[in-house]
Amino acid sequence: MPLRGAPITSAFAGIPNVSFDYYDVEGRTPEEIYRSMRSRAPQTGDAVAHTAWHIRVGWRQTRRGNDCIVADPVTRLTIKVTLPRLVTTEGVTVEAASFWYRTIKGLETHEAGHARIAFDHRNDFVQAAAKATCGSIKDVAKRTQKRIEALQEAYDRRTRHGIDQIPRT
């Protein structure tokens, strides 16, 4: 079973500033484990895992005469991944153990995909800010955020919210 506080795969390798939260699930059969994940997941909707990412942006505004100039745009990315953790240690069937490892591997792969998208696009704001004015910089930040959100949504559609990433055997 996965160690407390540590993913079982290296799907998150190379992505800094990732923290993990776990919620406990129980079960000795695949059905019991699945039911426990569905009932205990802290997210709303159908998700049994979740990646929250936040890109904090900043910049300086300087005046040169009547001109306002955007300077030193920066970003800071934080990522928090929530995953289930199987706490049942005795009586787990062979089928349940197989189900668990395939499921957690797929969930980690999927959530790492979300983390990777945020990481890969963390500096999009910095690049876009190079063309921004003091009057447009806040809109640049909002548009950058919306574009990254759209990439995340497209990833969910492409992977059917991770279902396609769970190994079958």
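**Exercise 1.** In this predicted model, determine which strands helix 2 (residues 94-120) lies across, and at what angle the helix runs to strand 3.

*Solution.* Step 1: the strands crossed by helix 2 are strand 1, strand 2 and strand 3. Step 2: relative to strand 3, helix 2 runs at about 175°. Step 3: a further helix, helix 4 (residues 137-159), lies across strand 2 and strand 3; the angle of helix 4 to strand 2 is about 160°.

**Exercise 2.** Establish the order of the strands in the sheet and state which of them are the edge strands.

*Solution.* Step 1: the sheet is open and is formed by 3 strands in the order 1-3-2, with mixed pairing. Step 2: strand 1 (18-25) and strand 2 (50-64) are the edge strands, as each pairs on one side only. Step 3: from one strand to the next, the twist averages 20°. Step 4: strand 2 pairs with strand 3 (residues 67-86) in the antiparallel sense, over 14 bridges. Step 5: T51 stands opposite V81 of strand 3.

**Exercise 3.** Describe the largest pocket by its volume, the residues closest to its centre, and the origin and character of its lining.

*Solution.* Step 1: the space in the largest pocket is about 820 Å³. Step 2: 33 residues line this pocket, and A47, A49, H110, E111 and H161 are the closest to its centre. Step 3: helix 1 (30-40), strand 2, helix 2 and helix 4 each contribute at least two lining residues. Step 4: helix 2 provides the largest share, 8 residues. Step 5: by character, the lining comprises 12 nonpolar, 12 polar and 9 charged residues.

Note on methods: Residues numbered from 1 in each chain as written. Predicted model: local features only at pLDDT ≥ 70, side-chain atom pairs only at ≥ 80, totals over all residues. Heavy atoms only, no water. Pairing = 2+ DSSP bridges. Helix = DSSP H or I, 4+ residues; strand = E, 2+ residues; numbered from the N terminus. Axes fitted to C-alpha atoms, helices over the stretch in contact; angles between N-to-C directions. Contact = heavy atoms within 4.5 Å. 1 Å grid on protein atoms, 1.4 Å probe; cavity = no way out; pocket = protein on both sides within 12 Å on 5 of 7 lines; lining within 4 Å. Points joined across faces, edges and corners; volume = space filled by probe spheres on them. Nonpolar A, V, L, I, M, F, W, Y, C, P; charged D, E, K, R; others polar.
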